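Hi,

Here is the structure I said I'd pass on. Have a look at it first, and my notes follow underneath.

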Amino acid sequence: MIRVDAVWLATEPIDMCAGAETAPARVVKAFGAAHPHHAYLFANRRANRMKVLVHDGIGIWLCARRLNQGRFLWANASLGPRWR
C-alpha cells in the first residue's frame with residue numbers, strides 16, 4: 001500500500017500528454033519539490049481528465065483517470081497556483 005500524508009491540488013491545468021518526465025517537472029515548478037508520501041493532483045482545462053503523482057519515498061507513481069461523461073469539480077486559479 002502506498003502511504004499518502006498530504007494531497008496537493010494544482011489549480012492550473014496541465015497538458016495530459018505529460019508523462020513520466022514532464023509531470024514531475026511540473027510538480028517541481030508548481031510545488032518546489034516532490035516530497036515523499038505526498039500526492040499531487042492535476043487536471044486538464046476541461047476537467048474531464050486527472051493525473052495523480054505520488055512520491056512513495058523511492059520513486060514516483062503516475063496515475064491517470066478519464067471521465068467519459070461529466071467533469072471533476074476542480075478549484076480555480078483564483079485560489080493561487082496550488083492548494084492543500
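To start with the overall picture: the protein has 84 residues, and 38% of them count as buried. Bear in mind throughout that this is a predicted model, with every value computed from it. The protein has one helix and five strands, and going along the sequence they come in the order β-α-β-β-β-β. Among contacts with a separation of 6 or more, 55% are between residues 24 or more positions apart. On the outside, about 5,600 Å² is exposed, and 54% of that comes from carbon and sulfur atoms.

Now the inside. In soluble globular proteins, nonpolar side chains tend to be buried together. Here the largest nonpolar core is made of 13 residues, and the ones with the most contacts inside it are Trp-8, Ile-14, Val-27, Phe-31, Tyr-40, Phe-42 and Leu-53. Strand E1 (6-10), helix H1 (22-31) and strand E2 (38-43) each give two or more residues to this core. H1 has the largest share, with four residues. If you want one residue to click on, try Val-27: setting aside residues up to four places away in sequence, Val-27 touches Gly-32, Ala-33, Ala-34, Tyr-40, Phe-42 and Leu-53. There is also a second, separate core of seven residues, with Leu-9, Ala-39, Val-54 and Ala-75 among them.

His-38 may catch your eye too. This histidine sits in strand E2. Is His-38 buried or exposed? His-38 counts as buried because its relative accessible area is 14%, under the 20% cut-off. Apart from neighbours within four places in sequence, its contacts are Ala-6, Trp-8, Leu-53, Val-54 and His-55.

You'll probably ask about the cysteines. How many disulfides does a search of the whole structure find? The answer is zero. Cys-17 is exposed, at 71% relative accessible area, whereas Cys-63 is partly exposed, at 41%. Cys-63 belongs to strand E4 and, leaving out neighbours within four places in sequence, is in contact with Met-50, Lys-51 and Val-52. Cys-63 and Ala-20 are 43 residues apart in sequence, and their C-alpha atoms are 10.0 Å apart in space.

Strand E4 (residues 60-66) also holds Trp-61. With a relative accessibility of 44%, Trp-61 counts as partly exposed, because that value falls between the 20% and 50% cut-offs. Together with Ile-2, Val-4 and Val-7, Trp-61 makes a nonpolar surface patch of about 340 Å².

Last, the charges. The structure holds one salt bridge. Which side chains meet in a salt bridge? They are those of Arg-3 and Asp-5, with an N to O distance of 2.9 Å. Arg-3 is partly exposed, with a relative accessible area of 48%, and Asp-5 is likewise partly exposed, at 48%.

If you only have a minute, I'd look at the 13-residue core, then at the patch with Trp-61, and finally at the Arg-3 and Asp-5 pair.

Cheers

Notes
Residues numbered from 1 in each chain as written. Predicted model: local features only at pLDDT ≥ 70, side-chain atom pairs only at ≥ 80, totals over all residues. Heavy atoms only, no water. Disulfide = S-S within 2.5 Å. Buried < 20%, exposed > 50% of the residue type's maximum accessible area, 1.4 Å probe, protein only. Patch = residues over 30% accessible without salt bridge, like charges linked within 9 Å, V, L, I, M, F, W, Y side chains within 5 Å. Areas by Shrake-Rupley, 256 points an atom, 1.4 Å probe, with all protein chains shown as cover. Salt bridge = Lys/Arg side-chain N within 4 Å of Asp/Glu carboxyl O. Contact = heavy atoms within 4.5 Å. Core = buried A, V, L, I, M, F, W, Y, C linked by side-chain atoms within 4.5 Å.
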